[in-house]
Amino acid sequence: MMTSASKKMVIALSVILAFGAIYYVFLKPVDKAADPAASDAQQAEELSSVYLSGLKTLEGETVEMDENKLIFLNVWATWCGPCNMEMPGIQKLYDKYKTHEKVAFYIISDENAETVNPFIERKGYKLPFYQYAGAYPPSLNGNAIPRTYIIHKGKILAQEIGASQWDRPEITDLIDRHLADI
């Protein structure tokens with residue numbers, strides 16, 4: 001017969017093994033470098049997966065993201081309080097870089113133009129607003145808004161989920177540093 005201490009030891013070891021199995025199956029990070037099946041085409045697709053295709057202007061024209069520029073991408077909605085809180089800072093950041101040939105801003109909502117246009121007009125924003133109704137790439141996917149990304153050469157340089165003050169010095173320093181490399 002097993003003693004009480006032996007039973008506790010068996011239970012403890014079983015729990016440890018169960019957690020180890022769960023970690024190994026579900027949580028362990030995958031080492032892509034060790035995956036010989038990953039082709040150059042797959043790696044190129046992953047690199048470009050931060051770019052959205054099928055963006056539309058509020059006038060309905062299809063546009064492509066400019067992959068040769070440093071990109072400021074913000075996902076928002078008119079009904080989102082935190083989105084509205086950060087929009088003045090985005091406007092100031094845009095005003096600073098709007099004439100810079102190496103920077104592109106994409107302020108994206110899944111709402112239709114009939115909802116977005118009156119909001120923009122009422123608030124007086126002069127930002128490049130777009131509509132996007134597709135599935136976001138895994139690196140940009142999320143259900144929280146606002147979410148914002150600064151992207152260059154397929155890499156996310158900065159990201160923020162939730163409202164932020166986008167015209168602060170650290171952000172302009174980050175952008176300026178990367179613009180020097182373009």
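**Exercise 1. Determine which residues of strand β6 point one way and which point the other way, and state whether they are buried or exposed.**

Solution. In this predicted model, Arg147, Tyr149 and Ile151 point one way from β6, while Thr148, Ile150 and His152 point the other way, and all of them are buried. The next step is to look at the strand as a whole: β6 covers residues 147-152 and is mostly covered, since 6 of its 6 residues are buried.

**Exercise 2. Find the strands that pair with β6, and give the sense and the number of bridges for β3 and for β7.**

Solution. Begin with β3, which pairs with β6 in the antiparallel sense over 5 bridges; within this pairing, Thr148 in β6 is the bridge partner of Asn74. Then turn to β7 (residues 155-161), which runs antiparallel to β6 and is joined to β6 by 6 bridges, with Arg147 standing opposite Ile161 in β7. Finally, consider the connection: β6 and β7 form a hairpin with 2 residues between them.

**Exercise 3. Describe the backbone at Lys153 and at the bond between Ile145 and Pro146.**

Solution. Lys153 lies in the loop between β6 and β7, and this residue has a positive phi of about 55° although it is not a glycine. Its relative accessible area is 56%, and because exposed means over 50%, Lys153 counts as exposed. On the other side of β6, Pro146 is placed in the loop between β5 (129-131) and β6, and the peptide bond that joins Ile145 and Pro146 is cis, with omega at about -5°.

**Exercise 4. Locate the disulfide of this structure and decide whether its two cysteines, Cys80 and Cys83, are buried or exposed.**

Solution. A search of the whole structure finds 1 disulfide, and this link joins Cys80 to Cys83 with an S to S distance of 2.4 Å. A disulfide is a covalent bond between the sulfur atoms of two cysteines. The angle about the S-S bond is 80°, and the link of Cys80 and Cys83 is right-handed. For the last step, recall that buried means under 20% relative accessible area: Cys80, at 4%, is therefore buried, and Cys83, at 0%, is buried too.

**Exercise 5. Place Thr78 in the structure and list the residues that it touches, leaving out those up to four places away in sequence.**

Solution. Thr78 is found in the loop between β3 (70-75) and α3 (81-97), and at 14% relative accessibility this residue counts as buried. Leaving out residues up to four places away in sequence, Thr78 touches Asn84, Glu111, Thr115, Val116 and Phe119.

Definitions and conventions:
Residues numbered from 1 in each chain as written. Predicted model: local features only at pLDDT ≥ 70, side-chain atom pairs only at ≥ 80, totals over all residues. Heavy atoms only, no water. Buried < 20%, exposed > 50% of the residue type's maximum accessible area, 1.4 Å probe, protein only. Contact = heavy atoms within 4.5 Å. Pairing = 2+ DSSP bridges. Disulfide = S-S within 2.5 Å.
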